[in-house]
Amino acid sequence: MTSDQTLTPLRSAPSMHVVFGAGAAIGLLGGMIGLGGAEFRLPLLISLFGFAALSAVILNKAMSLVVVLTALPARLAAVPVSELAAHWPVAVNLLAGSLLGAWAGASWAVRMRSSTLYKVLAALMVLMAAALLFTHFSTLGTLDLALWAQVPLGVAAGFGIGVVAAIMGVAGGELLIPTIVLLFGQDIKTAGSLSLLVSLPTMLVAFARYSRDGSFAVLGANRRFAFVMVAGSIAGAVLGGLLLGVFPDVVLIPALAVILLVSAVKLARH
């Protein structure tokens, strides 16, 4: 555990109404673009609620895990298990790298100085903004690679995504979905469901690694906070799903990308 991490917010205890509202806003943003919104939750945990970097990452990971578990049944209803079963090699290929990446990413995060972790998180926020724009505004085709090239690239991509997801405390769907489409030639709908199946075990591995560090106690110290924010996130995600398509992507996506970039600048200067 890094010596400059704290388990409680650096500011006074926030109102649970504010926590629920923040969670709902995050869920709303994520729901409107078909993602979990964890990339927006992380800067709020740091800038609005005053958690230190590693504590914010661990809280974000725990809340992301709950949101993914909540979303999985609905996603499986949209894309049946029988249909996904035909694509199990894709999930296994990515998991071969992502599980190792998740363990490595969490290990690096707990060893980083807090000042370094803020800068790394800022850089990853820029990456998420780029992935968001690319996924929504690019025509995702397929690379049509031979199996001998596809498999190692899948492992390498999975490793990188696992590292990013572990360090940021996110599910990684922003990176998994375009990877599955480009590398394995799946449609967006199937890619979204496969991404959840890859995300869940990947998050559990990162969670297990974080549980070995003293900073994991942040969950016990902030149980009520996490529960209320998760409740808000789920409520917001439901509403966001209902509003899906109401706001045109040409306005919504650039606005969300700007939010991520502004958050990145703030984290880099933290």
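These legends go with a set of close-up views of a predicted model.

**View 1. The whole chain is built from helices.** There are 12 helices here and zero strands, so reading along the sequence you just meet one α after another, from start to end. Laid along the principal axes, the C-alpha atoms fill a box of roughly 55 × 40 × 30 Å. For 270 residues, a compact globule would have a radius of gyration near 18 Å, and the chain agrees with that at 18 Å. Of the contacts with a separation of 6 or more, 86% join residues 24 or more positions apart.

**View 2. The surface and its charges.** About 11,600 Å² of the chain is exposed, and carbon and sulfur atoms supply 72% of that area. As for burial, 52% of the 270 residues count as buried. If you go looking for charged side chains, you'll find 14 positive and 8 negative ones. The centres of those two sets sit 15 Å apart.

**View 3. The largest nonpolar core, with Leu45 picked out.** This core takes in 84 residues, and Leu45, Leu121 and Met168 have the most contacts inside it. Helix α3 (residues 53-78) gives the largest share, with 11 residues. Zoom in on Leu45 and, setting aside neighbours within four places in sequence, you'll see Gly50, Phe51, Ala56, Leu59, Asn60 and Met63 in contact with it. Phe225 and Met229 are also in contact with Leu45.

**View 4. Leu176 in helix α8.** Leu176 belongs to helix α8, which covers residues 173-184. Its relative accessible area is 2%, so Leu176 is buried, the cut-off being under 20%. Once neighbours within four places in sequence are left aside, its contacts are Leu94, Ile161, Ala171, Ser195, Val198 and Ser199. For a sense of spacing, try Ala157: it is 19 residues from Leu176 in sequence, and their C-alpha atoms are 8.6 Å apart.

**View 5. Leu200 up against a run of leucines and a valine.** Leu200 sits in helix α9 (residues 188-210). With a relative accessible area of 16%, Leu200 still counts as buried, because the cut-off is under 20%. Beyond residues up to four places away in sequence, Leu200 touches Leu65, Val68, Leu69 and Leu72. Take the pair Leu200 and Leu69: they are 131 residues apart along the chain, yet 7.7 Å separates their C-alpha atoms.

**View 6. Ala257 and Leu261, two residues of helix α12.** Leu261 lies in helix α12, residues 249-268, and Ala257 is found in helix α12 too. Is Ala257 buried or exposed? Ala257 is buried, at 3% relative accessibility. Leu261 is at 38%, so it counts as partly exposed. Which residues does Ala257 touch, not counting those up to four places away in sequence? They are Ala129, Leu132 and Leu133. On the same terms, Leu261 touches Val126 and Ala129. Ala129 therefore turns up in both contact lists, with heavy atoms within 4.5 Å each time. Leu261 and Ala129 are 132 residues apart along the chain, but their C-alpha atoms are separated by 6.8 Å. For another distance to check in this view, Ala257 and Val151 are 106 residues apart in sequence and 31 Å apart in space, C-alpha to C-alpha.

Terms used. Residues numbered from 1 in each chain as written. Predicted model: local features only at pLDDT ≥ 70, side-chain atom pairs only at ≥ 80, totals over all residues. Heavy atoms only, no water. Helix = DSSP H or I, 4+ residues; strand = E, 2+ residues; numbered from the N terminus. Rg over C-alpha atoms; globule rule 2.2 N^0.38 Å. Buried < 20%, exposed > 50% of the residue type's maximum accessible area, 1.4 Å probe, protein only. Areas by Shrake-Rupley, 256 points an atom, 1.4 Å probe, with all protein chains shown as cover. Lys, Arg positive; Asp, Glu negative; His and termini not counted. Charge placed at Lys NZ, Arg CZ, Asp CG, Glu CD. Core = buried A, V, L, I, M, F, W, Y, C linked by side-chain atoms within 4.5 Å.
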